[in-house]
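Ready for some practice? Have a look at the sequence and the 3D structure below, then work through the exercises one step at a time.

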Amino acid sequence: MADDDDLTIDTDDLERRMEGAFGSLRVEFASLRTGRASSSMLEPITVDAYGSKTPINQIGTVNVPEPRMVTINVWDKSMVGKVEKAIRESGLGINPQLNGTIIMLPIPELNEERRRELTKVAAQYAESARISVRNVRRDGMDQIKKAKSSGMSEDDQKLWESEVQDLTDRFIAQVDKGLESKQTEIMQV
């Protein structure tokens, strides 16, 4: 007879991995600018500082003094140029302005065409998250198949498959809902 541990599926691990995919999506969504200033739009940008890739918020203080402006007060004067370069090369489409150790990032109005592009990018991010969730689902289903060949009953197999599918459906729905609200936010003028 097979060991009982072989016949249970670690749904907590599957859920944690799906949550990780959704968490990554939230970070990617936060980096999409919507015409409003937000310190989170700088999160994906790293700077080559002191021999390693370092997030901007570990090199200076990030503030949002007004709705269309982000400022970064860089602590080390020698890092100002590197931070500016990282922002220019990030693809955010923002032109940094220097004022001593303070880098100002004026957030331009988004035109209709740029808003549509951003909704497409958001949709790509969401699709990547869905694929990640489905890959975790596939791993779960593979675990169930292995457990079945180790002696899991037909009823238990159906029960576990149903649980993994419910988990998948829940996370796919979260991704879809997140995408819908992000696209609405982007298209607001």
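**Exercise 1. Decide whether Arg-130 is buried or exposed, then find its salt-bridge partner.**

Step 1. Arg-130 has a relative accessibility of 14%. Buried means under 20% relative accessible area, exposed means over 50%, and partly exposed is in between (1.4 Å probe, protein chains only). So Arg-130 counts as buried.

Step 2. The side chain of Arg-130 meets that of Glu-127 in a salt bridge, at 2.7 Å from N to O. For a salt bridge, a side-chain nitrogen of Lys or Arg has to be within 4 Å of a carboxyl oxygen of Asp or Glu.

Step 3. Glu-127 has a relative accessible area of 31%, so this one is partly exposed.

Step 4. Both residues sit in helix α3 (residues 112–149), three residues apart, which is about one turn of the helix. Helices (H or I, at least four residues) and strands (E, at least two) are DSSP runs, numbered from the N terminus.

A quick word on what you're looking at: this is a predicted model, where local features need pLDDT of at least 70 and side-chain atom pairs count only at pLDDT 80 or more, while totals for chains, interfaces and linings use all residues. Residues are numbered from 1 along each chain as its sequence is written, and side-chain values use heavy atoms, with hydrogens and water left out.

**Exercise 2. Work out which residues are linked in a network with Asp-13.**

Step 1. Start with the pair Asp-13 and Arg-17: they form a salt bridge, and their closest N and O atoms are 3.6 Å apart.

Step 2. Place them: both are in helix α1 (residues 11–31), four residues apart, about one turn of the helix.

Step 3. Check how covered they are. Asp-13 is buried at 19% relative accessible area, whereas Arg-17 is partly exposed at 31%.

Step 4. Now widen the view: salt bridges link Asp-13, Arg-16, Arg-17 and Asp-139 in a network.

Step 5. For another salt bridge, try Glu-154 and Lys-158, whose closest N and O atoms are 3.7 Å apart. These two are four residues apart in helix α4 (residues 154–187), and Glu-154 is partly exposed at 44%. A search of the whole structure finds 14 salt bridges.

**Exercise 3. Find out how α1 and α4 are oriented, and which element gives the most to the largest nonpolar core.**

Step 1. The two helices pack at an angle of about 10°, with axes 11 Å apart. Axes are lines fitted to C-alpha atoms, for helices over the stretch in contact, and angles run from 0 to 180 degrees between N-to-C directions.

Step 2. Angles under 35 degrees count as roughly parallel, over 145 as roughly antiparallel, 65 to 115 as roughly perpendicular, and the rest as oblique. α1 and α4 are therefore roughly parallel.

Step 3. Contact means heavy atoms within 4.5 Å. Residues of α1 that meet α4 include Leu-14, Phe-22 and Leu-25, and those they meet in α4 include Trp-160, Leu-167 and Phe-171.

Step 4. A nonpolar core is a set of buried Ala, Val, Leu, Ile, Met, Phe, Trp, Tyr and Cys residues joined through side-chain atoms within 4.5 Å. The largest has 27 residues, and Ile-9, Leu-25, Phe-29 and Ile-144 touch the most other members. The elements giving two or more residues to this core are α1, α3 and α4, and α3 gives the most, with nine.

Step 5. Apart from this core lies another, of 21 residues, among them Ala-37, Ile-94, Ile-103 and Ile-107.

**Exercise 4. Put the strands of the four-stranded sheet in order and explain why β3 and β5 each have a side without a neighbour.**

Step 1. The sheet is open, with antiparallel pairing and the order β3-β4-β6-β5. Two strands pair if DSSP finds at least two bridges between them.

Step 2. β3 (60–66) and β5 (97–99) are at the edges with a single partner strand each, so one side of each has no neighbour in the sheet.

Step 3. Follow the pairs. Five bridges join β4 to β6, with Ile-72 opposite Ile-103 in β6. β5 pairs with β6 (residues 102–106) over three bridges, and Gln-97 stands opposite Met-104.

Step 4. Look at the turn: β5 and β6 form a hairpin with two residues between them, and Gly-100 there has a positive phi of about 70°.

Step 5. Finally, sort the faces of β6: Ile-103 and Leu-105 are on the covered face, while Ile-102, Met-104 and Pro-106 are on the uncovered one. Helix α2 (residues 80–88) lies across β4 (69–74), β5 and β6, at about 15° to β6.
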